[in-house]
Amino acid sequence: MIKVSAPSNIALIKYWGKRDRALNLPLTSSLSITLSSLISEATVEESTGSEDLWDIMGDPSKSQRVLAAARKDLGDHRPLKISIVNHFPSGAGLASSASSMAALALALSQFLGSGEVPLQQIATWSRLGSGSSVRSLLPGYVLWEAGTDPEGKDCLVRQLHPASHLPLSLVVCVVNDQPKHIGSTAAMERCRDTSPIYDGFHQRNDADLQLAQEALVQGDLLTLGRVAEANCLAMHNVMHQAIPPVDYFMPGTHEAIALTRQLRANGVPCFFTIDAGPNVKIFCSPEYQEVVSQACRALPGLVGILEDRLGLSYEELLTK
Ligand code: PMV
């Protein structure tokens with residue numbers, strides 16, 4: 001039996017559109033931070049029956065795509081028993097599909113591939129379950145390169161910097177911990193088909209990514225935070241202009257955005273980002289985490305707060 005954990009990751013420069021739906025290849029590159037304690041745990045063992053047994057929350061189709069890809073590459077078709085547990089709310093825009101698909105792909109690489117499978121190959125399996133999951137395969141600041149190859153041979157994931165380069169803490173304002181009303185793939189497709197600013201969002205990607213990467217090299221959190229906020233709002237604008245609009249925001253989302261701006265005006269360098277859900281992730285240097293989380297506790301529209309940081313080394317990630 002193999003048990004592997006992988007953490008969630010949060011994009012600072014977002015992925016919001018596919019160049020190939022079947023292969024889950026992104027239109028543009030994205031940049032993220034890999035977290036530490038918001039984790040999913042995948043367990044893989046041989047099944048005693050003749051069919052696969054799944055013990056997972058929700059729809060198994062994403063996991064089945066990951067398993068099919070691993071089996072095809074490794075030629076091992078033994079029936080398996082697979083369970084995945086998310087140690088935080090699932091499907092609420094907290095990247096549980098990213099951490100769970102990454103954990104599953106890593107567990108399969110250990111169980112079926114005896115740990116000999118190269119990282120980029122594990123990423124191709126994981127990507128079929130959730131595109132953004134490939135960024136959870138590495139710790140620290142991670143770049144997922146879109147590439148241009150039709151089969152995705154140059155769609156690669158790599159670490160830009162370890163977490164120690166620019167330590168960050170994250171305070172997640174949980175506005176709603178229930179699964180989202182529309183999944184990210186369907187929402188991306190609606191945006192592609194109906195949002196007049198979908199192309200514009202992808203055209204600005206190069207500039208946002210370059211600015212974010214330069215800021216990272218300089219250790220310039222202010223610039224990194226500014227471009228991350230702008231990129232996040234641009235993505236949500238794309239959604240808000242779709243027909244019908246994809247609107248993940250709730251009253252608590254607006255409260256947390258306003259609070260972040262207020263804290264910043266009061267000299268606390270913190271920034272928000274929001275994914276396919278109403279929850280707001282506020283990031284800051286570790287020395288400000290307590291101030292930010294105290295301030296968030298006073299917001300009426302939240303159902304909870306989660307706190308995390310950038311952290312783990314890859315070895316820890318594989319064995320935790
Ligand atoms: O990989 P998916 O299908 O879960 O899409 C993730 C999309 C966002 O979380 C909204 C942005 C991102 O880059 O993570």
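**Exercise 1. An aromatic pair between two strands**

Is Phe271 buried or exposed? Determine also how the ring of Phe271 is arranged relative to that of Phe283.

*Solution.* The model under study is predicted.

Step 1. Buried means under 20% relative accessible area. Phe271 has a relative accessibility of 1% and therefore counts as buried.

Step 2. The ring centres of Phe271 and Phe283 are 5.9 Å apart and the planes stand at 35 degrees, so this pair is tilted.

Step 3. Phe271 belongs to strand 10 and Phe283 to strand 11, so the pair ties together parts that are twelve residues apart in sequence.

Step 4. For Phe283 the relative accessible area is 0%, so Phe283 is buried.

**Exercise 2. The pair of Tyr15 and Trp144**

State how many aromatic pairs the structure holds, and describe the one formed by Tyr15 and Trp144.

*Solution.*

Step 1. Two aromatic pairs are found in the structure.

Step 2. In the pair of Tyr15 and Trp144, the distance from centre to centre is 5.0 Å and the angle between the planes is 75 degrees, an edge-to-face arrangement.

Step 3. Tyr15 is located in the loop between strand 1 (2–13) and strand 2 (18–20), while Trp144 is part of strand 7 (residues 141–144); the pair therefore ties together parts 129 residues apart in sequence.

Step 4. Tyr15 counts as buried at 9% relative accessibility, and Trp144 counts as buried at 1%.

**Exercise 3. The surroundings of Pro26**

Which residues does Pro26 touch, not counting residues up to four places away in sequence?

*Solution.*

Step 1. Pro26 is found in strand 3 (residues 25–26).

Step 2. The relative accessible area of Pro26 is 0%, so this residue is buried.

Step 3. With residues up to four places away in sequence not counted, Pro26 touches Tyr15, Gly17, Lys18, Arg19, Trp144, Ala146 and Cys155. Among them are Tyr15 and Trp144, which form the aromatic pair of Exercise 2.

**Exercise 4. Ser47 in a loop**

Locate Ser47 and list the polar contacts of its side chain with Gly49 and Glu51.

*Solution.*

Step 1. Ser47 is placed in the loop between strand 4 (30–46) and strand 5 (53–55). Its relative accessibility is 9%, so Ser47 counts as buried.

Step 2. A polar atom of the Ser47 side chain lies 3.1 Å from the backbone nitrogen of Gly49. The side chain of Ser47 also reaches the backbone oxygen of Glu51, at 3.2 Å.

Step 3. Apart from neighbours within four places in sequence, Ser47 is in contact with Leu53, Pro79, Leu80 and Lys81.

**Exercise 5. The cysteines**

How many disulfides does a search of the whole structure find?

*Solution.*

Step 1. The search finds zero disulfides. Cys232 is thus an unpaired case: the nearest cysteine sulfur, in Cys173, is 13 Å away.

Step 2. A disulfide requires two cysteine sulfur atoms within 2.5 Å. For Cys284, the closest cysteine sulfur is that of Cys270 at 6.4 Å, which is too far for a bond.

Step 3. Cys232 is buried, with a relative accessible area of 0%, and Cys284 counts as buried at 0% relative accessibility.

**Exercise 6. The buried side of helix 9**

Which residues of helix 9 (residues 289–297) are buried, and against which elements do they pack?

*Solution.*

Step 1. The buried residues of helix 9 are Gln289, Val292, Ser293, Ala295 and Cys296.

Step 2. These residues cover an arc of only 160 degrees around the axis, and therefore they are on the same side of helix 9. In an α-helix there are 3.6 residues a turn, so residues three or four places apart point the same way.

Step 3. The buried residues of helix 9 pack against helix 8 (251–265) and against strand 9 (169–174), strand 10 (270–274), strand 11 (280–284) and strand 12 (304–309).

How values were computed: Residues numbered from 1 in each chain as written. Predicted model: local features only at pLDDT ≥ 70, side-chain atom pairs only at ≥ 80, totals over all residues. Heavy atoms only, no water. Helix = DSSP H or I, 4+ residues; strand = E, 2+ residues; numbered from the N terminus. Buried < 20%, exposed > 50% of the residue type's maximum accessible area, 1.4 Å probe, protein only. Contact = heavy atoms within 4.5 Å. Arc of directions from axis to C-beta. Polar contact = N/O pair within 3.5 Å; in protein donor to acceptor, adjacent residues only side chain to side chain. Phe/Tyr/Trp six-rings, centres within 6.5 Å; stacked < 30°, edge-to-face > 60°.
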